[in-house]
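Got your viewer open? Here's a short walk through this one, with a few things to select along the way.

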Amino acid sequence: MNICVFLSAADLDDRYTRPAREFAELMGKGGHTLVWGGSDVGLMKVVADGVEEAGGRLLGVSVEFLSDRARKGVEEMVVARDLAERKRLLLEKADAVVIMVGGTGTLDEATEILELKKHGHTDKPVVLLNTAGFYDGLKEQFRRMEDEGFLPRPLAELVFFAEEPVGALAYLEEALGIK
């Protein structure tokens, strides 16, 4: 399975890097391909290293203004013109999406895939990995949107909230009929 992971390129402490690496190792051992922003820095590097070291494949989609941060020696690396094209390519190449901790770029990517799902433009499974409670506030906001009628589909049809990496991968494999 090609799993797109939206996440930070920042250097983060162990409470975020440990679960990210654990998810990456599970992906690699399962023979899955990481589809990611292509950067070889921060949390993006941690995940790419973990997938590669565990036997998985890497498929990067960088963007021109960040190409100096792109990982070298990857089986496939695409360089998009801009962020909009990058998001489109990431989603096209993926069978499923995992949202890990990140900043405004990650939040932008997350809301775009959820908006596409909300309107029926994709049926790819989406997991929000709530590492160290990072997305507790967002989860609460999504529930409020659902409770107050802002979502035309049940929240559970849009996104699965996982607290641990093993639960995130298990959900994706079940959703796509793998294993």
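First stop: is Y135 buried or exposed? Select Y135 and turn on the surface: its relative accessibility is 6%, and since the cut-off for buried is under 20%, Y135 counts as buried. Keep in mind that you're looking at a predicted model.

Now add F134. This one is partly exposed, at 35% relative accessibility. Show both side chains: the ring centres of F134 and Y135 sit 4.9 Å apart with the planes at 85 degrees, so the pair is edge-to-face. Bring in Y16 too, as Y16, F134 and Y135 form one aromatic cluster.

The model has 3 aromatic pairs by the distance rule used here. For another of them, select F160 and Y171. Their ring centres are 4.2 Å apart and the planes are at 0 degrees, so this pair is stacked. It links distant parts of the chain, with F160 in strand β7 (residues 160-162) and Y171 in helix α7 (residues 165-175), 11 residues apart. Both rings' residues are partly exposed: F160 at 31% relative accessible area, Y171 at 25% relative accessibility.

Last stop: the largest pocket, with a volume of about 300 Å³. Select M44, R86, G105, T106 and E109, which are the closest to its centre among the 16 lining residues. Then colour α3 (83-93) and α4 (104-118), each of which supplies at least two residues of the lining. The largest share, 5 residues, comes from α4. Colour the lining by class and you should get 5 nonpolar, 6 polar and 5 charged residues.

Notes
Residues numbered from 1 in each chain as written. Predicted model: local features only at pLDDT ≥ 70, side-chain atom pairs only at ≥ 80, totals over all residues. Heavy atoms only, no water. 1 Å grid on protein atoms, 1.4 Å probe; cavity = no way out; pocket = protein on both sides within 12 Å on 5 of 7 lines; lining within 4 Å. Points joined across faces, edges and corners; volume = space filled by probe spheres on them. Helix = DSSP H or I, 4+ residues; strand = E, 2+ residues; numbered from the N terminus. Nonpolar A, V, L, I, M, F, W, Y, C, P; charged D, E, K, R; others polar. Phe/Tyr/Trp six-rings, centres within 6.5 Å; stacked < 30°, edge-to-face > 60°. Buried < 20%, exposed > 50% of the residue type's maximum accessible area, 1.4 Å probe, protein only.
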